[in-house]
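Let's learn to read a protein model together. Have a look at it first, and then we'll talk it through.

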Amino acid sequence: MGEDRPGAGVAVSLRALKPPPDRLYGRGRGHRLRARQLRLLELTLPRLAFTPDQAWRPSELWLEVGFGSGEHTLAQIAAHPEVGLIACEVFDNGICALLSRLVPDGGEATAPLPDNLRLWTDDARTLLRLLPDRCLGRLFLLFPDPWPKSRHAKRRFVHPALLPLLARVLKPGAEWRVASDDPTYQAWVDEVMAGQVLFGVPPPVIGRPSDWPRTRYEAKALREGREPRYWTFSRR
Ligand SMILES: C[S@@+](CC[C@H](N)C(=O)[O-])C[C@H]1O[C@@H](n2cnc3c(N)ncnc32)[C@H](O)[C@@H]1O
């Protein structure tokens, strides 16, 4: 049994853990993009792109890391029109899936867009470094890539080296919501969060809390018989 099998070395891994690489992700692409997807990226995305210097200043700001196809993002902006949400995703097909739900075919350049949503399509950690102190009231990290092999632990978003950065941008009392269906990642989150003082760490719950809109990955996990856990950490 090698050190790299999924789940190996969770208990000893924090001390030996390598720091995360500077840049983990750029824009990712799956299969070739269709004409509609190219129009969405070319014409719609720039109208929603977040830039740190823009005048958009909602009174309450939330951030979602890795929105996938955007089900949770769209449900949150509909449920909380008073909140500004910056949603991050690097995968073109996911970005197009969200955009295609916002604008009809042919309306890519002109259809009205929600004013309480902005998209960031590079590594979320780059954005975190650009945001001012204590600007976020809530952070969502739903079903992050688990990177189950211990030699890939440095790529996990829940990482001791990233916690001070997350703590800097969150307001005191802000919520950090994390969900995972992967047993290695679940144990990892518990271990990383037990070893820090920046966040309050109530135990996770097993059933999805009612105001956490369902995501595609969660639905897949449940179909395949895995048991997601849901944590709500609070910035001290
Ligand atoms: C397993 S998927 C989950 C997607 C969605 N949250 C859901 O539950 O359906 C994780 C997503 O996070 C994105 N992602 C991973 N690391 C990221 C990063 N550093 N910045 C932005 N997005 C990231 C990936 O591209 C992927 O789409």
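Below, a learner and a teacher chat about the ligand site and the sheet.

Q: Before we start, what kind of model is this?
A: This is a predicted model, where local features need pLDDT of at least 70, side-chain atom pairs count only at pLDDT 80 or more, and totals for chains, interfaces and linings use all residues. Residues are numbered from 1 along each chain as its sequence is written, and side-chain values use heavy atoms, with hydrogens and water left out.

Q: Which atoms make polar contacts with the ligand, and how far apart are they?
A: A polar contact here is a pair of N or O atoms within 3.5 Å. The side chain of D123 has an N or O atom 2.9 Å from a ligand nitrogen. For L142, a backbone N or O atom sits 2.8 Å from a nitrogen of the ligand. T215 brings a polar side-chain atom to 2.7 Å from a ligand oxygen.

Q: How much of the ligand does the protein bury?
A: Accessible area comes from the Shrake-Rupley method with a 1.4 Å probe. The ligand taken alone exposes 590 Å², and the protein buries 92% of that.

Q: What about the sheet: in what order do the strands run?
A: Strands are DSSP runs (E, at least two residues), and two of them pair if DSSP finds at least two bridges between them. In this open, mixed sheet, seven strands follow the order β3-β2-β1-β4-β5-β7-β6. β3 (117-120) and β6 (199-200) are at the edges with a single partner strand each, so one side of each has no neighbour in the sheet.

Q: How do β1 and β4 pair?
A: β1 (residues 60-65) and β4 (residues 136-142) pair in the parallel sense over four bridges.

Conventions. A polar contact is a pair of N or O atoms within 3.5 Å; within protein, one must be able to donate a hydrogen and the other to accept it, and residues adjacent in sequence count only if both atoms are side-chain atoms.
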